[in-house]
Amino acid sequence: MKKLICLALVALMMALAAMPVMAEPVTLKETSPFFDLTFDVPAGLTMKEEERGEVSIVLLEGTDKPELTYWFTVAFDDLYSGRDTKDLSPEELDQLFAESLGEINFADASYTMVDLDNMKVMDIRSKEHRNVNLIAVQDGYFLQVYGMYDDYAQAMDENDYKLGTAILDSIEIQVISDAPVPDATEMPEQ
């Protein structure tokens, strides 16, 4: 009888160990006077919020891989007001791609469009795959998840990309003000 119970416990422990660890939902309140954010922190990452001036930056750091960090940006843009990534023309997608690179010089970077459960995403990659750069527009909000290893020391693998897409696909924006949201270009100088 003891052997049977022991075997049953071992089988139960093995079954529990094989189950995927669920993502932890997090809601950030009052990160903006206009909206709150809810997103999932995937298993294997922990959240850290940093204040840089008056800007709050959300970092998701690897627990098993402490050298791996993701962060995301959310900003309203009048150019995309009421629109999603799927609504953008090829020319607008090319413009979004060029603007997203900003000061970063990835001469060999290109993008593909990827359908996730909740949105269409621009997946920007370079030949070396040293970072994850995922961009979407959701109801006028520009969303970006960026991930990398410290100092771009190693290439990102498919599991690293899956973590990035899981973060982006889980973002939900709850508008909390009826006032028009200012475009990022209309924000006062700090």
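The legends below describe close-up views of a predicted model.

**Figure 1. Overall view of the protein, with three helices and 10 strands.** Read from the N terminus, the order of elements is α-β-β-β-β-β-α-β-β-β-β-α-β. The protein has 190 residues, of which 37% count as buried. Among contacts with a separation of 6 or more, 53% are between residues 24 or more positions apart. The exposed area of the protein is about 11600 Å², and 56% of that area comes from carbon and sulfur atoms.

**Figure 2. Close-up of strand 8, residues 131-138.** Eight of the eight residues of strand 8 are buried, so the strand is mostly covered under the cut-off of under 20% relative accessible area. In a regular strand, side chains alternate between the two faces of the sheet. Here both faces are covered. One side carries Asn131, Asn133, Ile135 and Val137, and the other carries Val132, Leu134, Ala136 and Gln138.

**Figure 3. Pairing of strand 7 with strand 8.** Strand 7 spans residues 120-125 and runs antiparallel to strand 8, with three bridges between the two. Asp123 has Leu134 of strand 8 as its bridge partner. Five residues lie between the strands of this hairpin, and His129 takes a positive phi near 50°.

**Figure 4. Pairing of strand 8 with strand 9.** Strand 9 covers residues 141-149 and is joined to strand 8 by eight bridges, again in an antiparallel arrangement. Ala136 is placed opposite Leu143 of strand 9. The hairpin has two residues between its strands, and in the turn Asp139 has a positive phi of about 50°.

**Figure 5. Close-up of helix 3, residues 158-170.** The helix has 13 residues and reaches 18 Å from its first C-alpha to its last, close to the 18 Å expected at 1.5 Å a residue. At the N-terminal end, Asp157 acts as the cap, with a side-chain oxygen 3.0 Å from the backbone nitrogen of Asn159. An α-helix has 3.6 residues a turn, so residues three or four places apart point the same way. The buried residues of helix 3 are Asp160, Tyr161, Leu163, Gly164, Ile167, Leu168, Asp169 and Ser170.

**Figure 6. Surroundings of Ile57 in strand 4.** Strand 4 comprises residues 55-62. Ile57 counts as buried because its relative accessibility is 16%, and the cut-off for buried is under 20%. Ile57 and Phe72 lie 15 residues apart in sequence, with a C-alpha to C-alpha distance of 7.5 Å.

Methods
Residues numbered from 1 in each chain as written. Predicted model: local features only at pLDDT ≥ 70, side-chain atom pairs only at ≥ 80, totals over all residues. Heavy atoms only, no water. Helix = DSSP H or I, 4+ residues; strand = E, 2+ residues; numbered from the N terminus. Expected span 1.5 Å × (residues − 1). Buried < 20%, exposed > 50% of the residue type's maximum accessible area, 1.4 Å probe, protein only. Polar contact = N/O pair within 3.5 Å; in protein donor to acceptor, adjacent residues only side chain to side chain. Contact = heavy atoms within 4.5 Å. Areas by Shrake-Rupley, 256 points an atom, 1.4 Å probe, with all protein chains shown as cover. Pairing = 2+ DSSP bridges.
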